[in-house]
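Work through these exercises with the structure open beside you. Try each task before reading its solution.

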Amino acid sequence: FFSKAYFLEVFQIVFFSFHHICVFVNLLLHKYLGCACMLLGSKYEEIYAPELNDFVGMSDNAFTSEDLLRMEGVILNVLKFNLTVPTVYKFLRRYLKVLGASVKIQHHATYIVERTLQEYSVLKFMPSTVAASALMLALRADNCE
């Protein structure tokens with residue numbers, strides 16, 4: 001499974017991209033933004049967050065650790081330091097718990113939710129709707145077997 005931090009990182013990237021005025025976003029900025037969001041998400045959700053130099057190394061030294069900290073500050077300001085957001089992952093975990101779903105259903109629903117992260121068209125739906133839809137699809141697929 002992807003970690004909770006991954007879903008938070010995706011939210012941060014999408015929110016920042018939609019609400020920050022960017023005339024031209026090139027590959028370097030996406031790499032820079034992605035690493036800063038991964039850093040923020042891992043600091044927020046994980047017990048042991050990776051070090052700054054790990055992210056700099058991942059990016060082939062495209063930026064420095066100071067640049068990464070600066071971008072982290074920009075993202076936090078754009079998000080108004082609101083990192084506690086209802087993600088698809090949180091809704092899905094709650095629905096699965098209430099349902100008392102089997103491990104098979106949990107894996108299938110989580111897989112469907114992870115696949116939605118790759119589909120830009122799904123962003124228009126509320127996280128609760130995406131989670132409920134994924135659970136419904138997993139349950140239907142299980143009943144068909």
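**Exercise 1. A turn after a helix**

Task: Which residue with a positive phi follows H4?

Solution: The model is predicted. Go to the end of H4 and read on along the chain. Lys-80 follows this helix, and its phi is positive, near 55°.

**Exercise 2. The span of H4**

Task: Compare the expected span of helix H4 with the distance between its end C-alpha atoms.

Solution: Begin with the residues. H4 covers residues 65-78, which makes 14 residues. Next, apply the rise of 1.5 Å a residue; the expected span is 1.5 Å times one less than the number of residues. For H4 that gives 20 Å. Finally, check the model. The end C-alpha atoms are 20 Å apart, which agrees with the expected span.

**Exercise 3. The two sides of H4**

Task: Which residues of H4 are buried, and which are exposed on the other side?

Solution: Start with the cut-offs. Buried means under 20% relative accessible area, and exposed means over 50%. Ser-65, Leu-68, Met-71, Glu-72, Ile-75 and Leu-76 are buried in H4. They lie on the same side of H4, because they cover an arc of only 140° around the axis. A general rule helps here. An α-helix has 3.6 residues a turn, so residues three or four places apart point the same way. Now turn to the other side of H4. Arg-70 and Asn-77 are exposed there.

**Exercise 4. Ser-42 in H2**

Task: Is Ser-42 buried or exposed, and which backbone oxygen lies 2.8 Å from a polar atom of its side chain?

Solution: First, place the residue. Ser-42 belongs to helix H2, residues 27-45. Second, apply the cut-off. Its relative accessibility is 5%, so Ser-42 counts as buried. Third, look at the side chain. A polar atom of the Ser-42 side chain lies 2.8 Å from the backbone oxygen of Met-38.

**Exercise 5. Thr-110 in H6**

Task: Where is Thr-110 found, and what separation do its C-alpha atom and that of Leu-135 have?

Solution: Thr-110 sits in helix H6, residues 103-116. Its relative accessible area is 1%, so Thr-110 is buried. Now follow the chain to Leu-135, 25 residues apart from Thr-110. The two C-alpha atoms are separated by 8.3 Å.

**Exercise 6. The whole chain**

Task: How many helices and strands does the protein chain have, and what percentage of its residues count as buried?

Solution: Count the elements. There are seven helices and zero strands. Then take the residues. The chain has 145 residues, and 33% of them count as buried. Last, take the surface. The chain exposes about 9100 Å², with 61% supplied by carbon and sulfur atoms.

Key. Residues are numbered from 1 along each chain as its sequence is written. This is a predicted model: local features need pLDDT of at least 70, side-chain atom pairs count only at pLDDT 80 or more; totals for chains, interfaces and linings use all residues. Side-chain values use heavy atoms; hydrogens and water are left out. Helices (H or I, at least four residues) and strands (E, at least two) are DSSP runs, numbered from the N terminus. Buried means under 20% relative accessible area, exposed over 50%, partly exposed in between (1.4 Å probe, protein chains only). The arc is that of the directions from the helix axis to the C-beta atoms. Accessible areas come from the Shrake-Rupley method with a 1.4 Å probe; for residues, only the protein chains shown count as cover. A polar contact is a pair of N or O atoms within 3.5 Å; within protein, one must be able to donate a hydrogen and the other to accept it, and residues adjacent in sequence count only if both atoms are side-chain atoms.
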